[in-house]
Structures are given as C-alpha cells and as structure tokens.
Amino acid sequence: MGSNYDKFETVCRILEENKFDKAKLISILQTIQEEYKYLPEEILAFVASTLKISPAKVYGVATFFAHFTLEPKGKHIIRICDGTACHVKRSTSLIETVRNKLGLKENEISTKDMLFTIDTVACLGACGLAPVVVVNEEVHGQMTPDKIVSLVDEILKQEEVK
Amino acid sequence: MEKYLMINGRKVLFDNEKNILEVIKRGGVELPTFCYHSELSVHGSCRLCMVEVKGRGILAACSTPPESGMEIKTNTEQIINIRKIIVELLLASHDRECTTCAKSESCKLQTLARRLGIESIRFKNILHKEQKDVSTYALIREPNKCVLCGDCVRFCDEIQSIGALGFANRGSQSVVCPGFGKELESSECVYCGQCARVCPTGAIVPKSEINYIWKALSNTNKKVVIAIAPAVRASIGEVFGLGGENGTKVAGKVVTALKDMGFYKVFDISFTADMTIVEEANEFLRRIEKNDNIPMFTSCCPAWVKFVEQYYPDFIKHLSTCRSPQGMYGSIARRIMPEILTIPKEDLVVVSVMPCTAKKYEARRPQLAKDGVIDIDYVLTTQELAMMIGEAGYRFNELEPSAFDMPLGFKTGGGVIFGNSGGVTEAVLRNVVDTKFDGVNEAEQFSLVRGEAGVREVKINLGSRELKIAVVYGLKNARKILRDVEADKTRYDFVEVMACPGGCVGGAGQPVYTDLTVRKKRAKVLYENDKTMELHKPKDNPYVQKLYKDYLGEPGSKKAHEYLHTSYKYKKRFKETLEISDSVENNNIKVNVCFGNNCTTKGSKEILKHIVNFVEQENRKDKVDIIASICLEKCSKGPNIKVAGKTIEHCTTKAAEEAIRAELEKL
C-alpha cells in the first residue's frame, strides 16, 4: 500500500518497541518526525491516547524543543544561521532576500506549493564560515544575498526539469 | 532533640514541615508566593518566596527543606528588591485592566503589588494580546493575565489526573493552554474549575451569568425562581465577614436579599437533595438485591460524571441514574412548578445557585432538557450571588433572615450535609439502614463516613450484608478506585465521588480561598446545621412525601424515572482520524480501524495490516478507504473495526476480511 500506511505502521512499531512507555516520549516523537518530516496533530493525539498521557503534555513537549515542528515542511529546507557570528556578518539580509525571493508573508515559513521551507536557526556550529546557510543537507559558507538567490534558482530549475 | 530555625533572630520550632516556607509561616511571616500550594507539588518557579539563609545565600523558601539551626532573614533590602523586580516584571507583561477583572480584590498579584508598595513599573509593557477563551459554559481563560506559575497545570494533573492544561512553547513564548493550543471546550476538561480556584490572578475565572439574571428580573412578564445549594450557605458569609456563621441564618439572609431583588420564589436545593437521596437509596437497595451493577457510584458531581463518560465508558452503567439535586430541581421547577404556582409555563425562568462551575455545564447537558427546552436557564456560583448582593447594595450583615418558599424549602439534615464530602453517603445510609440503636443521636450515627482524607473506606451492616463503602474526592483518587475495581483488586458496594477536595464546600464557585482551614470551617457549618434540623432522614421529609404522592408515585416508579432520572453517554476524548489510504473518496467503502489505547494493545495493528494487504491483493484499493480512528467507543469489546458503518466487535483478521469482501461483492 501507499506511504500513509508505511508511516503509520512505523509509528505503531516505534510505540511497541518502546513498550508504550511514556518516559520515552521524546525519542518516540523524534522517530515520528523523521518519518513524517513534522509532527502531525492526529499522530500526536494517537501518541497521547496510546501512551495514556494528556494531549496538553504531548503538545508541551513537542513545542518545547526547537527540533520539533508541528508544521509540515517543504520539499527543500533552507536553514539560515542567525547565531551571533552569522548575525554580525549580516545573516538578516540573507533571510530577507530569500524570503522576498520566495514571496513569503509575515509569519509564513513555507511556500504555498510546499517546495521550500525557510528555517532560521540559532547556531549551526560553523561560525568560521559565517554567514552559513544549509540547503537540505549541504552546507554553504560565506553566503551573500546573490549567492543564496542563485542557490534557489538552481533548485527551481531542477524542479522544472522534473 | 528540639529542631528549630532562627527566623529574623527569633527561634521557631519545627517538626515535620517539608520546607522552610511552612516553618516561616508557623513563625508568623506569610511569604509571598504564587506557585506554592500545600496541596500540590513544589514547583519553585515564581521565586517570590526568596529568603536569605546564612552561609547559603538567597534561596526559594518553598523548595528548601529546613535544617535545624538555619539562620534565616526574610526581609533584607536585597530580598525586598528582588521581590519588587519580580512583581514589576510580571506586571510588565500583564493585562493590567484590574478594574474590570473578575479576580479584582481577590487577585494575589494585585494584593502583592500593593503589599510591596509598587508605585511604578520601570519596564516596557511587552504584553502580547491573546484571545480570551470563552468556549465553555463554566470557565473563561484569559491568557493575558497568566503569570505562568503552573498552579492550574499541577492541580489538573496531580489532583484530578486529567491534564487538560499544560505548558507550551519555551522562554518568553511560554503559555499555559489546552492540548494543541485549542479551546478548553475541545479538551478533556471536566469543568471542576479548581484551576480557577488556585489561579493567583484572573487568568482562569468562572464564567458569569449575572447579566442574564438582572435582565430576566427586570422583565415583568417573567417569574424567576431560584434555588440555592447546601454548600452556598456555608461560604457566602465569608464575603461579608460572616465566615463560619450559622448556616440557617446566612441562608435566611440570602433569601431576604433574593426576594428583594425580585425573585418570585426562593427555594432550597437541599429539598431536592433529600429527593435525590430518597430516589438514590431506593435505586441502591434494588441494585444490591439484584446484584445489578455494583458498586454503584454517585452521580451528583457533574465533573465526575464527565470523567467517567470520557475515560471509563464501561463504568457508565455503574453510575446512579438519579439526577443530581440541581437536575431534580430543574425538572420539578420546569414541569411541576407552573401547576403548583399557577403560572404559565413560558413565563417561568429557572435559576440555581451552586458552589460549582461544572454545574453550569451540567445544566446544559442535553439529557437535562425536554422537547428542546432546558430545565435550568441559568446557573450562578456562590461568587456571583455575592457579587449580585454587593451590586444591589445590600448590607448583608444587617439583613433580617427570611424563610425559604414552600414546598421546595423544607429539608432534612440529610439534604444539608450533601455539600460535604461524605454527606451523600451519610444521607443514603440514614435512609437505607434501619437503625435500632436506641438513644443514639440520629444525626451522628453514620458520622464515621466523615473526615478529611481523600479516600475513606467504611463497612456498615445492612441486614445480614456487610456494605463496603468508599468516599472519595479528587478525580485522581477516583481513578485509582476505578482501576482497582476494574482489576478486581477490591470490592465496593457504594462509592461516593466528588471532584473537588472536601466536596462541594470546596467547589470552584465558592469564594476563593487558599487557606485549607477555610474548607474545614465550611464543612463544620453544614454539620452544625444538620444538628439543628428537626429531621435527619431524607425519607422523613413530609414535603418530599407529598410531592411523590401528588405527582410521582413511589420512589423508583415510572413517573419518578421520567422526572428524576437521567442517562449518560460515552464522550469521545479524541476526534482525530488518520487516513491510511493515500486518497479517500466519498463513495468508497469506508473501513475504520480503532486505534484507541485499548484496541491498539489488543491487536488493531495486525488487523490493519491484514486489511491493507487484502485490499491490495484484491486490487480494490480504489474502492476501499481505510481510516485509523481514535476511537470507536467500545473499549471493552476491542479490537473494533467499522466496515461501511457497521461495527465489528472483537474483530479478527478473518472477520475483517469477510466483512470487506461482502461489501465489495455488493458493488
């Protein structure tokens, strides 16, 4: 069957492997996020129900850690570092440029077609290369607004070919 | 050896106190705090109770255990400054519309700001305006007034085992909210309102219905009748400096005030409490005789009823089907009163005054309505009644007491003690156990069910049978009892459950209290009131007898069932469903597989797998939509699936396959 079943099956397996132990909530959520790329509300409700903890508690954990996201992410994730080193090297102009390029409004982080998600992160641990941008898994150092635009264009071109 | 602390140079002895805050209190100093409640776990988040401990620096008193010989200062300049800064910072992100706040005058933040002499706030206001949550009948959440002390979160989790509220986000973005940031109405909240009682500010408050009442009173076409619950007389005096005052006297003053406001008739819920006992005692005896759904659980606490409906549907049949006293009042007022009072039905407005926020929800239960007309129009809390008395300008202390209106004004002691934890049980026992102890004070025979503990067990002989009874408050305690009964670890015949600590006297609609001795005082008022009553057994109430004779027949009769009983329904906790098929279409065969916690552990995963494979093999993916649901509401019969609307209980892979095949063949 399709991917929905495979994902759900994985969640069931994870819960079983963790013996429905509420103390393992965080690692359960991590695996779910790997599977779905985010934490869907229905899955969190399912987790709360099977682990016998309140939805408010699951929601609390899911929103506490920056690692977790409750919003679906786009196909391509652009993470822009806004840690101290990157910030003084003008990472804000990168954020602005790429958001404008993608036409994101105030609180939006993903494009409507779900092709891109922009994530601002506190520090990627590569301060020597500041300002740093990670596109999907690839690290790009010493970024400029022009370079980030061309990175986006490249992806757009690839997507068109497909 | 004598253990002591030196507090501000004074020697204060201690023995079992868990923290120095309690010892300091014993020494006569009330440290400021938002997050410390002796009933709850220590949180240590508000940092207001800071004290200076010699050799150890500045510590939070609530989370520091006492050690003999500690030298503590509670009022150094540094400490005072810290406290001021904390309060200023809280005020800088607080909605400071105090004059219009429901908690004004009983707000700890307001009191503390005044106590610390805060004249200006040096910090910029950083309040992010968030929307009020008015989704429930019982409570209003105002996130803009939250100080993040977590009292509500801990009460709901630790005492009620519900966890409807939780912390979300982090740092400056932290909030307290129901799961997924939704409205309270969509959560598992049972509306006990204890969150509002422990909230130091106005971030959660009972929802007021006062305006509707004034409006009804000023409508000359309407006859507004009102009834006050037993626990109200034990607490309303506190608002007017009459805490602990004789219940009959206080109730009498309330009657005078209500009459003056324009209420057509003022009744006493204690009367319908007597009826509840008569009906419930009869039901209990019948059930005992037939061994039918024993233990029987009381059903007068609507928070508890909702708790059973949403967490323990298999126990619904163990709940007494008797309406609560409020429910019985509603039914009698709406359906019989117009005839007794000779007024047209449509002119009647029915109001009750309750110590409780959940009663506001109860009154709107569809089961307490007939032909679309709800029995009770409005429910006021004790707090609201006190506010109305204040609003009208009555000098409460000077009011001459008046008598309740008949027939719903006469009560026995059994109806009055209803407001205390253990009261219902005691009243039922007075009714069912034929006491032959001559010379024993009737009112005190069954007082062994009284007490302050959250779980009390009593054994009493009923004829040749020994009755095992439990009296419980706090839903966490109740959950434990349910689990024990479920696992056959223990046997009970009768279990009384009240959600609020102490029973209704400790309800969230009562005047706000933090000192637990207040609750004891209220309980005492009701027990004292009982002593002064002429009659103590609800079945002896002549007006109850007459009402039965004129309108209802015998207790437990068909008519009595129609008027005085109710029904319960499983309440889904989760509404989420998950599409397993990659695309779902309207006309396809729907297959729901239950993934509630019961079914999940009973093998829904294997069934789902089988169904998915079967549909794939048959190549009918385009015709069958598979959905995982939490849940299908038949937990004791799991695993359950639903194929094209038909539920299959105790489902097996084979049964599932056959059902789907049958549906496919119909195509």
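Biologist: What makes strand E3 (residues 133–135) of chain A and E4(A) count as a pair?
Modeller: In this predicted model, E3(A) and E4(A) run in the antiparallel sense and are joined over three bridges; two strands pair if at least two bridges are found between them, so the three bridges satisfy the rule. Here A:Val135 stands opposite A:Glu138 in E4(A).

Biologist: Which strands are the edge strands of the sheet in chain A, and how do you know that?
Modeller: The sheet is open and has four strands in the order E2-E1-E3-E4 of chain A, with mixed pairing. Strand E2 (116–121) and strand E4 (138–140) of chain A each pair on one side only, and this makes them the edge strands. On average, neighbouring strands of this sheet are turned by 20° against each other, direction ignored.

Biologist: Which strands of chain A does helix H6 (residues 91–102) lie across, and at what angle does H6 run to E1(A)?
Modeller: H6(A) lies across strand E1 (76–81), E2 and E3 of chain A, and runs at about 155° to E1(A). Such angles go from 0 to 180 degrees between N-to-C directions, so a value of about 155° tells us that H6(A) and E1(A) point in largely opposite directions.

Biologist: What sense of pairing does the sheet E11-E10-E13-E16 of chain B have?
Modeller: This open sheet of four strands has parallel pairing, and strand E10 (residues 223–228) and strand E13 (residues 348–354) of chain B, for instance, pair in the parallel sense over six bridges. In that pair B:Ile228 stands opposite B:Val353 in E13(B). H9(B) packs on the sheet, touching E10, E11 and E13 of chain B, and its direction makes about 40° with that of E11(B). Helix H11 (residues 325–335) of chain B also packs there, touching E10 and E13 of chain B, and its direction makes about 165° with that of E13(B).

Biologist: Which residues touch the most other members of the largest nonpolar core, and what makes a residue a member?
Modeller: The core has 214 residues, and B:Cys152, B:Trp304, B:Val593 and B:Ile611 touch the most other members. Membership asks for a buried residue of a listed type, such as Cys, Trp, Val or Ile, joined to others through C-beta atoms within 7 Å, so these four, being members, are buried. Helix H9 (residues 269–290) of chain B gives the most to this core, with eight residues. Apart from this core lies another, of 16 residues, among them A:Ile78, A:Ile95, A:Leu124 and A:Met143.

Biologist: Which residues is B:Trp304 in contact with, leaving aside its neighbours within four places in sequence?
Modeller: B:Trp304 is in contact with B:Leu475, B:Ala478, B:Val497, B:Met498 and B:Ala499. Contact requires C-beta atoms within 7 Å, so each of these five must meet that limit with B:Trp304.

Biologist: How many residues of each chain take part in the contact between the chains?
Modeller: Chain A supplies 22 residues and chain B supplies 31 residues. On the side of chain A that touches chain B, helix H1 (3–17), helix H3 (41–51) and helix H4 (55–64) of chain A each supply at least two residues, and H4(A) gives the most, with seven. The residues of that side divide into ten nonpolar, eight polar and four charged.

Definitions and conventions
Residues are numbered from 1 along each chain as its sequence is written. Chains are lettered from A and ligands numbered from 1 in the order in which they are written. This is a predicted model: local features need pLDDT of at least 70, side-chain atom pairs count only at pLDDT 80 or more; totals for chains, interfaces and linings use all residues. A residue is buried if 20 or more other C-beta atoms lie within 10 Å of its own, exposed if 12 or fewer, and partly exposed in between; C-beta atoms are placed from the backbone. Two residues are in contact if their C-beta atoms, placed from the backbone, lie within 7 Å. Ala, Val, Leu, Ile, Met, Phe, Trp, Tyr, Cys and Pro count as nonpolar, Asp, Glu, Lys and Arg as charged, and the others, Gly among them, as polar.
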